[in-house]
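How can one read a fold from its overall outline down to a single backbone angle? The account below takes that route, and it is best followed with the coordinates open.

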Amino acid sequence: MLTETSLIILLIGFLGLLVISVFYSKNSEYLGSNIILVIISYFQGLIVGTIFYSDTLFLMFLLSILSGVYYYLLVAKLSILLPFIQFKWKNKAPATLDAELTKSITMLWGLPDNKIHISIYPGESVFKKMSFGFIDIYVGDEFLKNNSRNELLFALSHEIGHTKTPRRDSAYPFIFPFVYEIIIIFTWFAILFFGILNIFVYFIAILILFIIGIMISNYLAWRLEFKADELGLIKSKNLNGAISLFEKFFESQKDYGQILNLIFYDHPLPRDRIKHFKEIKLES
Ligand SMILES: [Zn+2]
């Protein structure tokens with residue numbers, strides 16, 4: 001069991017690192033900030049693993065890896081999540097998108113009018129909120145200002161595409177922790193089997209499995225993005241709108257090489273998305 005003092009120290013450490021994460025999530029387009037968020041997430045995983053399973057070394061190992069991965073996936077999204085939560089807190093009924101545009105997008109997809117709800121929030125992106133029974137999309141006011149009608153229609157089509165991706169593909173991110181657990185258990189027994197368990201092996205194995213876990217999670221998210229791009233493009237049929245939209249994002253998502261990209265980004269590079277668009281066959 002942990003002593004009361006060490007528990008308090010761990011909790012203070014967790015909260016301190018959480019505050020630093022919030023700070024660095026705001027500059028997540030810089031390499032340094034990305035690296036710091038990965039390192040903090042590794043230590044947050046270790047703290048959570050230690051707090052909850054201080055008696056069993058294996059459970060500490062398992063929980064450190066999984067909570068590190070999910071902590072990172074969460075803090076990497078904070079720059080969008082936090083302002084949005086703040087906005088929703090103050091605005092129970094935000095402004096909705098122009099009726100004519102909403103009509104165009106529901107017609108493109110052949111959806112009933114009440115099936116889709118598009119609101120405007122102060123921000124730069126477009127995203128879909130989890131909801132039941134209808135499609136709940138948020139469009140940033142800055143996004144509306146900076147992009148053409150065709151670009152917006154593609155972006156909305158992409159979001160609706162997310163709701164139409166095959167069940168199996170959408171299920172992978174949820175199945176991931178359970179499958180990954182098996183790999184972690186296997187690694188643990190391999191370490192015991194070879195009799196190489198010591199403090200260095202323990203922390204390095206957690207680090208490696210934590211990084212691989214992030215990469216697999218992001219890879220699964222990339223696949224879903226490509227699929228939504230494909231469905232969105234087939235419905236909107238607007239290749240030029242899709243390409244010009246992503247050309248604007250070249251700067252905000254820098255290319256650090258495939259391995260680092262897979263660690264840092266939960267969306268594929270705009271360059272790769274454009275390449276993918278050009279490979280999709282559109283019926284005219
Ligand atoms: Zn998407």
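What follows moves from the whole chain to its helix pairs and then to two individual residues.

The model is a predicted one, and its chain contains 12 helices and 3 strands. Measured out along the principal axes, the C-alpha atoms fill a box of roughly 65 × 40 × 35 Å. Of the 284 residues, 28% count as buried, while residues 24 or more positions apart account for 65% of the contacts in the chain that have a separation of 6 or more.

A convenient place to begin is helix H7, which runs over residues 149-163. Its 15 residues reach 22 Å from the first C-alpha to the last, which is close to the 21 Å expected at 1.5 Å a residue. Because 11 of these 15 residues are buried, H7 is largely enclosed by the rest of the structure. The buried residues form an unbroken list from Glu151 through Leu152, Leu153, Phe154, Ala155, Leu156, Ser157, His158, Glu159 and Ile160 to Gly161.

One of the neighbours of H7 is helix H10, residues 239-247, and the axes of H7 and H10 come within 8 Å and cross at roughly 90°. That angle makes H7 roughly perpendicular to H10. On the side of H7 the residues that meet H10 are Asn150, Glu151, Leu153, Phe154 and Ala155, and they face Asn240, Gly241, Ala242, Ser244 and Leu245 in H10. Sorted by class, this contact has 5 nonpolar, 4 polar and 1 charged residues. Of the H7 residues in the contact, Glu151, Leu153, Phe154 and Ala155 are among those that count as buried.

A second pairing lies at the start of the chain, where the axes of helix H1 (residues 4-25) and helix H2 (residues 31-52) come within 10 Å and cross at roughly 155°. H1 and H2 are therefore roughly antiparallel to each other, and H1 passes H2 in a left-handed crossing. The contact draws on Leu7, Leu10, Gly13, Phe14, Leu17, Ile20, Ser21, Tyr24 and Ser25 of H1, set against Ser33, Ile36, Leu37, Ile40, Phe43, Gln44, Ile47, Thr50 and Ile51 of H2. Its make-up by class is 12 nonpolar and 6 polar residues, with no charged residues. The spacing of such a list can be read against a general rule: an α-helix has 3.6 residues a turn, so residues three or four places apart point the same way.

H1 also holds Phe23, which counts as exposed because it has 12 C-beta neighbours inside 10 Å. Phe23 and Asn198 are 175 residues apart in sequence and 34 Å apart in space, C-alpha to C-alpha.

Helix H9 (residues 199-236) and helix H12 (residues 270-279) have axes that come within 10 Å and cross at roughly 45°, which makes H9 oblique to H12. The crossing of H9 past H12 is right-handed. Here Phe226, Asp229 and Leu233 in H9 meet Arg273, His276 and Phe277 in H12, a contact with 3 nonpolar, 1 polar and 2 charged residues.

The loop between H9 and H10 includes Lys237, whose phi is near 55°, a positive value in a residue other than glycine. Most residues other than glycine have a negative phi. Lys237 counts as partly exposed, because 15 C-beta neighbours lie inside 10 Å.

Definitions and conventions: Residues are numbered from 1 along each chain as its sequence is written. This is a predicted model: local features need pLDDT of at least 70, side-chain atom pairs count only at pLDDT 80 or more; totals for chains, interfaces and linings use all residues. Helices (H or I, at least four residues) and strands (E, at least two) are DSSP runs, numbered from the N terminus. A residue is buried if 20 or more other C-beta atoms lie within 10 Å of its own, exposed if 12 or fewer, and partly exposed in between; C-beta atoms are placed from the backbone. Two residues are in contact if their C-beta atoms, placed from the backbone, lie within 7 Å. The expected span of a helix is 1.5 Å times one less than its number of residues. Axes are lines fitted to C-alpha atoms, for helices over the stretch in contact, and angles run from 0 to 180 degrees between N-to-C directions. Angles under 35 degrees count as roughly parallel, over 145 as roughly antiparallel, 65 to 115 as roughly perpendicular and the rest as oblique. A crossing is left-handed if the near helix is turned anticlockwise from the far one by less than a right angle, and right-handed if clockwise. Ala, Val, Leu, Ile, Met, Phe, Trp, Tyr, Cys and Pro count as nonpolar, Asp, Glu, Lys and Arg as charged, and the others, Gly among them, as polar.
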